[in-house]
Amino acid sequence: MFSDKDIAHFSNLETPFYYYDLNLLRDTLKTCSDAANTYHFHVHYAMKANFNDKVLAKIKETGFGADCVSGGEVRKAIESGFAKNKVVFAGVGKSDKEINYALDQDIFCFNVESLQELQVINDLAGKKQKIAKVAIRINPNVDAHTHANITTGLDENKFGINSWDMPAAADILNASAHLEFVGIHFHIGSQITNLDVYKNLCVRVNEFAAWFEDKGFTVKILNVGGGLGIDYHQPNAQIPDFEAYFRIFSDFLDIKPHQEVHFELGRALVGQSSSLISRVLYVKNGKKKNFIVLDAGMTELMRPALYQAYHQIENLSQKSNAVKYDVVGPICESTDCFGKEVALPETFRNDLIAIRSTGAYGEVMASNYNLRDAIVTVTSDDVASS
Ligand code: LLP
């Protein structure tokens, strides 16, 4: 929801830009942190969702760790002040260079995604006379009931080690002098809105934890990943129900006294705290369709083009819902469309348009295709001090 002051501030700025509501971000983080603390759960923020410096600073202040998927993210987390012993490194294709860097930094642990990767980390740690802490990322074959492009925990997905390879993983762990097994890791997908899916995940986590403990391993960490969705149709409802989410894990996981439960939330923490603010370049009224051409496109926000993702679109300059428009960007691709048949007030050149709920996988997925300018950001602090 934008105040008159926000809109007046935006009208003096060049567009497009990402606007971050740092107050909402802070409230969201606090709600999550309070709920997690009630259950003694640990949260690592999934940095891939957004690594804007101002966003990261707020997340670090909350005391969360960082879940990283590249050497670049590990470096960014450390440079942003996240405690090294709260940095985890996941990813199906970690290069030797990235593994060596993370070993040098003594991060908390590697979430390992293949048998071969276990051996490579053992070899590289050996050359450095180090012991690498590892968690086994298990593909639990649990359907997350989300968009096929963001499902990760099914047999056909590339992520994690399959259940039938667990005996081989256990053999490698037993034979590897430079690996310390700390626990098991799962992540079944993103934008999960049916929380019952997590009950199924808990059943699998319990089975695998028991399996490893039966084999004589101590499973200290139960890392259940992230994936909690947000309501893209209610950008003003804003803070996800973290309490209901954590309660499922508290109710359905068999948590032993020596075990910690770790989460890797991305979207739910940052998604609602940002909007992409753009201006109307042109309005084209046709026989069959009316088009609004924005100065922002798929190069700034790729989700609609890539996953047909819905983002609420608002005209900040006009009132009343009168006309249906296809809202498109300037990029030379037909998929460069933010929404079809969107009901908006009658719209004019230079109107300000907000595309809502863009805090997660928005700015970080921007590209300079068509040699577009780099996207800039504006925060609620900038508005407050104006
Ligand atoms: N942990 C792992 C291992 C992951 O792969 C991911 C996301 C997360 C945690 C955080 O998931 P979240 O809580 O944000 O759902 N670009 C897509 C989403 C890709 C998610 C990739 N992995 C989108 O725009 O919807």
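**Exercise 1. Two loop residues with positive phi**

Task: Decide whether His40 is buried or exposed, then treat Gln129 likewise.

Solution.
Step 1. His40 has 10 other C-beta atoms within 10 Å, and is therefore exposed, since a residue counts as exposed with 12 or fewer. The model is a predicted one.
Step 2. His40 sits in the loop that runs between helix 2 (22–38) and strand 2 (42–46).
Step 3. Its backbone has a positive phi of about 60°, although His40 is not a glycine.
Step 4. Gln129 has 7 C-beta neighbours inside 10 Å, so Gln129 counts as exposed.
Step 5. Gln129 belongs to the loop between helix 6 (115–127) and strand 6 (132–139). Its phi is near 55°, again a positive value in a residue other than glycine.

**Exercise 2. A cis peptide bond**

Task: State which residues a cis peptide bond joins, and where Pro16 is placed.

Solution.
Step 1. The bond links Thr15 and Pro16, with omega about -5°.
Step 2. Pro16 is part of the loop between helix 1 (4–11) and strand 1 (17–20).

**Exercise 3. Domains and their contact**

Task: Describe how the protein chain is divided and how many residues of domain 1 are in contact with domain 2.

Solution.
Step 1. The chain is split into domain 1 (4–17 + 272–384) and domain 2 (22–271).
Step 2. Taken over C-alpha atoms, the centres of domain 1 and domain 2 are 33 Å apart.
Step 3. On the domain 1 side 17 residues make contact, and they meet 23 residues of domain 2.
Step 4. Strand 17 (376–379) and helix 12 (380–384) are the elements that give two or more residues to the side of domain 1 that touches domain 2.
Step 5. By class, the residues on that side of domain 1 are five nonpolar, nine polar and three charged.

**Exercise 4. The largest nonpolar core**

Task: Find how many residues the largest nonpolar core has, and explain where it lies relative to the domains.

Solution.
Step 1. The core has 101 residues, and Val87 and Val134 have the most contacts inside it.
Step 2. Helix 8 (residues 196–214) gives the most to this core, namely six residues.
Step 3. Because domain 1 (4–17 + 272–384) and domain 2 (22–271) both give residues to the core, it lies between them.
Step 4. As background, nonpolar side chains tend to be buried together in soluble globular proteins.
Step 5. Setting aside residues up to four places away in sequence, Val134 touches Cys109, Phe110, Val112, Leu118, Ile121, Leu179, Glu180, Phe181 and Val182.

**Exercise 5. The shell around the ligand**

Task: Characterise the residues that surround the ligand by element, class and domain.

Solution.
Step 1. The ligand is surrounded by 23 residues, of which the closest are Ala46, Ser190, Gly226, Gly266 and Tyr361.
Step 2. Strand 10 (260–265), helix 10 (267–270) and helix 11 (303–307) are the elements that give two or more residues to this shell.
Step 3. The shell divides into 10 nonpolar, eight polar and five charged residues.
Step 4. Domain 1 (4–17 + 272–384) and domain 2 (22–271) each supply at least three residues of the shell.

**Exercise 6. Annotated positions**

Task: Set out the surroundings of Glu264 and Tyr361, which an unreviewed UniProt entry includes under "binding site", and of Cys332, which UniProt lists for "active site".

Solution.
Step 1. The "binding site" annotation in the unreviewed UniProt entry covers Gly227, Glu264, Leu265, Gly266, Arg267 and Tyr361.
Step 2. Glu264 is in strand 10. It counts as buried because it has 29 C-beta neighbours inside 10 Å, where the limit for buried is 20 or more.
Step 3. Apart from neighbours within four places in sequence, Glu264 is in contact with His44, Ala46, Asp67, His187, Asn223, Gly225 and Gly226.
Step 4. Tyr361 lies in the loop between strand 16 (352–355) and strand 17. With 23 other C-beta atoms within 10 Å, Tyr361 is therefore buried.
Step 5. Not counting residues up to four places away in sequence, Tyr361 touches Ala49 and Arg303.
Step 6. For "active site", the unreviewed UniProt entry lists Cys332. Cys332 is in the loop between strand 14 (323–328) and strand 15 (337–344).
Step 7. Cys332 has 9 other C-beta atoms within 10 Å, so Cys332 is exposed.

Technical notes
Residues are numbered from 1 along each chain as its sequence is written. This is a predicted model: local features need pLDDT of at least 70, side-chain atom pairs count only at pLDDT 80 or more; totals for chains, interfaces and linings use all residues. UniProt positions are given in the numbering used here, feature names are shortened, and annotations may be inferred rather than shown by experiment. Helices (H or I, at least four residues) and strands (E, at least two) are DSSP runs, numbered from the N terminus. A residue is near a molecule or strand if its C-beta atom, placed from the backbone, lies within 6 Å of it. Ala, Val, Leu, Ile, Met, Phe, Trp, Tyr, Cys and Pro count as nonpolar, Asp, Glu, Lys and Arg as charged, and the others, Gly among them, as polar. Domain bounds come from an automatic or database domain assignment. A nonpolar core is a set of buried Ala, Val, Leu, Ile, Met, Phe, Trp, Tyr and Cys residues joined through C-beta atoms within 7 Å. Two residues are in contact if their C-beta atoms, placed from the backbone, lie within 7 Å.
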